[in-house]
Amino acid sequence: MVMISLIPVALSIGLILFPSILAQVDIPSSTNLPNTDEGTGEGSGDTSAFIPPKESHYCPEDGVQNVTETDTVPCINILTVAEQGWEADTGKSVYTDDNGVLTCHVFRIVEKAVIIEVCCDGWMGGFCEEAICEPECLNGGKCIEPGTCSCPVEYEGARCQDKIEIIVDPLPTGSTNLGQRTLSTCVSWNGDHYRTFDGTHFTFNGQCTYTLAADKDGLWSILEKNVDCDNVNTCHKRIEILLNFDELIIERGLITFNSEPVTSFPFFISGISLSVIGDFTFMESSLGVTAKWDATNTIYVTLLQDLLNTAVGLCGTYDNDPSNDFTLKNGEVTTVLSQFGNSWEAAVIGEVCTGLGSDHPCVTHPERVSTAEELCAVITASEFKQCSGTVEYTPYLDACIYDVCAWGNTNDDMMEILCDVLQAYVRECTMENIILDWRSEQFCPKECPGLMEYKECGSRCKRNCATKNMDLGLHCSPECVSGCECPEGYVEEKGKCIEVEDCPCIYNKKEYVAGDVIQIKCNNCTCDSGEWTCTNDVCKATCSVFGDPHYVTFDQKYYTFQGDCDYVLAEDYIDGKFSVIVNNKECGNSYSLTCTRSAVITISNTVVTLNANLEVLVNGQLATMPYENADLAIVQPSSMFVVVHGYGLRVEWDGVFRLYVTVQPSFMNKLRGLCGTYDFNQNNDFMTPEGDVEASKIQFANKFKTNSNCPDLEESLNVYVPCNFNKLMRSFAEEKCAIVYQDIFKPCHGFVSVEMYYDACMYDVCGCETDKTNECLCGAVSAYARECANAGAPVFWREHELVIDHCAIQCEGNSIYSECSRGCGRTCHQLAFPCFKDDFCVAGCVCPDGQAISDNGECVPYSACYCTFEDQTYPPGAELERPCMTCVCTNGTFECDGEECADEVQCPNNLVYSQHASPCPKTCRNYDNYQPCSGSTRSGCECPENYVLAYDTCVLPENCPCLHGGIRYNSGETMQPDACNTCTCHGRMWDCTTEQCSGTCSVVGEGHFSTFDGRMYTFAGPCQYILAEEVNQAFSIDVTTVLCGSSGITCTRAIDIHIGNITVFMVRGSDITVNNVPITLPKYYGNLRIEQSGLFYIVTSDLGLRVKWDGGTRLYVTIEPQFNSKVKGLCGDFNGDQINDYSTRTGLVVQSPDNFANSWQVLNNCPDVSLLSLESPCEVHPQRKTWAMRHCSIILHTTFAECHALVEPNSYFERCTYDACG
């Protein structure tokens, strides 16, 4: 009795000291805990996954550490032990021990001597990784060791206190030094004449097949043979080019590739491209070997600098030393020309030849010598004087005499020889930028078809409809190309000269003539002079939710989020006109997958609940379709969807897991939620209720929970990819989801990008519950098919062989299946209500035109429909008497004569809307979207009136903390969301500056692009493209990509940067050149700096441009805010809107990255690349996939965990896997 009476007394005292015990007294007994244990002290935690920086500098030191001791005591003794420093542990439950004694947990903190690690002298920072310099470094210098400053290039001194006077380098203008060349060209012309890579001229009249040039290791070779050279009119070359295992044969303008004729240009395969420009066919390869040849007797072979010292053959050694050009096949150097030439005879099966001719043709034909000398002396005439001081004419004079002696049978033959020699000489002059005007109608004339004119120095870039407005001198190689060109004012299109205003326009690879009009969403575009001119109306926007679940925001940002709770999908937070809340629940074969299972739409005073199986509740009551009140209307346009209309809002629901929310332009800049902001800026779609923009989709979406009892989704699930954990389903998914790439969907590919929907299909099918595989597969494909139908390209896909067994639909009651029904999907009952037709296609079973669904589910003619009035049914033709009217049942509705008498109408004002008292506490997290929970009240701790819960503390709403990136910030604290803005926490809301930051575009790995506005895509085009260009051509950057893998993928090989009168050229494996002259770094040209820092070459202009390249697979272009909306090219337009980043050169926004990127070819002489024709490297090399995924998965692991909340990792993991497989 004494003990019983004392316990409440002790507890009452204890509760004064420890109030939180109150909530624990009635908790059931727990298991016995150990009597004592030692914690790890204040601030301790699990550091098993922590890896300190490699450059930490710790030193041991004696110290004292606080250690937490724990124990349990009878709650009656709690005051007694308090005298010994023990306190009640309110975080653990009170329990009854085996003896029936009410027992409390206690703890105390004691000091313990330990060896601790502190920062060594001269080091500081959380990991002792920051060196200390006293006094501090100045002018941007960095302290790299205690007392040691690393200075920027323009400063020096112990503290970087002294400015270095930078000497501005003069701009280079030209170079004749062999060692300064970044490439070299050899030429074989007029049959027997040669100039080597290092400039040696010689004549060799061999009759066999010879190695003109080849790689020492056999990687490539070029063979030539002079054919039918007894007569100048028949003499021509047969050329054989071997590149790895591919073979090109050229003879008299005919080309075969691996024995197959090449009939159309441009041509590209296996890293080899062919194009026809002017008099020449150009060949480029990924090996650094290029060539061009005319239709008869001339071939030029060009090697890049990185092939220095690798060449052999008649073209010499390319080592910048002409003295060893006559190197024999055995490596010896000779001075005997015949020995040199014959040593490079190629073994050809079945070929019989006589080798080198014995005598000079002028010895054989002495009677021709005087004529030859007199005729060939023309090369010394005044027309050629301008060049003779630069290009020595003697080798060409000798060659002319040689050829006239050999072939000068007639005057015509001799004139043809003279013209060929002069042409060869003039071509050498043009290579030195000396342009000669030497032809006339009487002397060596050239004829051109149609309006074309012959030019000795035409542009390598054709002036055509695609390049009509381009500064060809800015982008094109300065190399001259002789041939026929269109005159000024005309462009070349399909081999003919046309005026610019007659240029056609291209959209989705279809050609339109001037004046044609197409519609893109709500805007009309007119073809004008080869470019599209479009209206600029703001269109309504749709947010999509489908599958497990995948989201496409109003501004078209795609992401996947697996939260299990109720979330704000979209709400008008400015005017409060509507909100849409979705309920996501677990589904699939993993605990981590969820699906949208229902939605609640609030419009004014009406609450609509959309449940599974198309069940619709209005204000809690089951609704019959169609439904209409003052706020909204609800219809069921097909067997598969219901649609809610109201206040510029349209919500479409399939009763399974697909939901579409469409809003009118009046809601621009007024929305927030999982659907984003609807302001045409994807970069702020992850704006939270607090006003900050999260980088992590999980941190963003967690903040839109409406039920605070749901746990936040863990950041670790950001990296979950079902197919990586369900390999059995992966092969099935790969086979079936591939339908979106099949020909049946090909008409849609240009309108709706397919990659996102394929990835979503793979995700859903791999993650699906086994018994719902069909639902997941067909739902994912349906999501893409819906977008196709609404883009004007409906696809009837359900009976395709890949999915017919899974997705075929049998319609009942004489109804028919449609991918694009725009009707009302009426039942006979609905005929009495207005038809809510809209602009959207709705898939499902519908009745044929003129029919409706009867009460027994059959499609019947309107004339057979019954009518309904006040819950009574009337057959067709039945009469109904109404005050002052007679009504007849016709086509499912009553048609009445007369006017209804005015009766007093009683409005249904007796309807009220009540809500149960909510047991859910109002918190900082749910304050803006607080909705009371249903159910009875319960006892528990709650905040005082006007206070809200902030984690474990009650605060006034204005004192709520903020969250960003999973980190808590108290009111008044700041964080930096990007490089140039700061956000300050004010009462749970972020107040952020809105400065325009610089933008960075990147090209990484094997063709992975990220635009200035952050849109990511992969493009494997092997050509030269405009990467970024200022609209007024203040600067331009071209990038050349080449084949770099075994599966058709490409990498950056060269970059051209044009700024004013300066051209910087960087090519892999060679020196950087400025205006075609090699330079050593660093270099400073007025407002331009070219430097090397670590792995990167950096070009910086005071215009506000910075280019970084690692010489391989990483290229970054950064521009300052003044270029907002003033750039174009593969990097987009830098206007904050990713949607229009795919703007083509003709000004039209397209959906597929290949259509977009193909339009930005510089020369427009490469074949277009179709991404659908390229297999993923992991599909080409499946044996590499497991290795690639295993090694790339480090991006998803805890090593980068701190970064996951700031930078979404999955896209980088996918890029890594793609590249590693290739």
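How many bridges join β46 to strand β47, and do the two run parallel or antiparallel? In this predicted model, four bridges link β46 to β47 (residues 641-646), and the pair runs antiparallel. One contact to look for is S638, whose bridge partner in β47 is F641. The hairpin between β46 and β47 goes through two residues.

Now step back along the chain to the strand on the other side of that story. Strand β45 (residues 627-628) is joined to β46 by two bridges, again with an antiparallel run. Here Y627 sits opposite I634 in β46, and a hairpin of four residues makes the connection from β45 to β46. As for β46 itself (residues 633-638), five of its six residues are buried, leaving the strand mostly covered.

Let's move to an open sheet of eight strands. Reading across, the order is β14-β13-β12-β25-β24-β23-β22-β21, with antiparallel pairing. The edges belong to β14 (201-203) and β21 (267-269); each has a single partner strand, so one side of each has no neighbour in the sheet. From one strand to the next, the twist averages 15°.

Zoom in on two of those strands. Three bridges connect β12 (residues 183-189) with β13 (residues 193-195), which run antiparallel, and V187 has R195 as its bridge partner in β13. A helix comes into the picture here too: α8 (residues 411-431) lies across β12, β13, β23 (280-285) and β25 (299-304), and it runs at about 175° to β12.

There's also an open sheet of three strands, ordered β64-β65-β66 and paired antiparallel. Its edge strands are β64 (974-975) and β66 (989-992), each with a single partner, so one side of each goes without a neighbour in the sheet. Two bridges tie β64 to β65 (residues 983-986) in an antiparallel run, and M975 stands opposite C983 in β65.

To finish, try a quick geometry check on helix α14 (residues 773-790). What span should its 18 residues have at 1.5 Å a residue? The expected value is 26 Å, and the end C-alpha atoms are 26 Å apart, so the two agree. How about its surroundings? Of the 18 residues in α14, 15 are buried, which means the helix is largely enclosed by the rest of the structure. "Buried" here stands for under 20% relative accessible area. Just after α14 comes G792, which takes a positive phi of about 90°.

Key: Residues numbered from 1 in each chain as written. Predicted model: local features only at pLDDT ≥ 70, side-chain atom pairs only at ≥ 80, totals over all residues. Heavy atoms only, no water. Pairing = 2+ DSSP bridges. Axes fitted to C-alpha atoms, helices over the stretch in contact; angles between N-to-C directions. Contact = heavy atoms within 4.5 Å. Expected span 1.5 Å × (residues − 1). Buried < 20%, exposed > 50% of the residue type's maximum accessible area, 1.4 Å probe, protein only.
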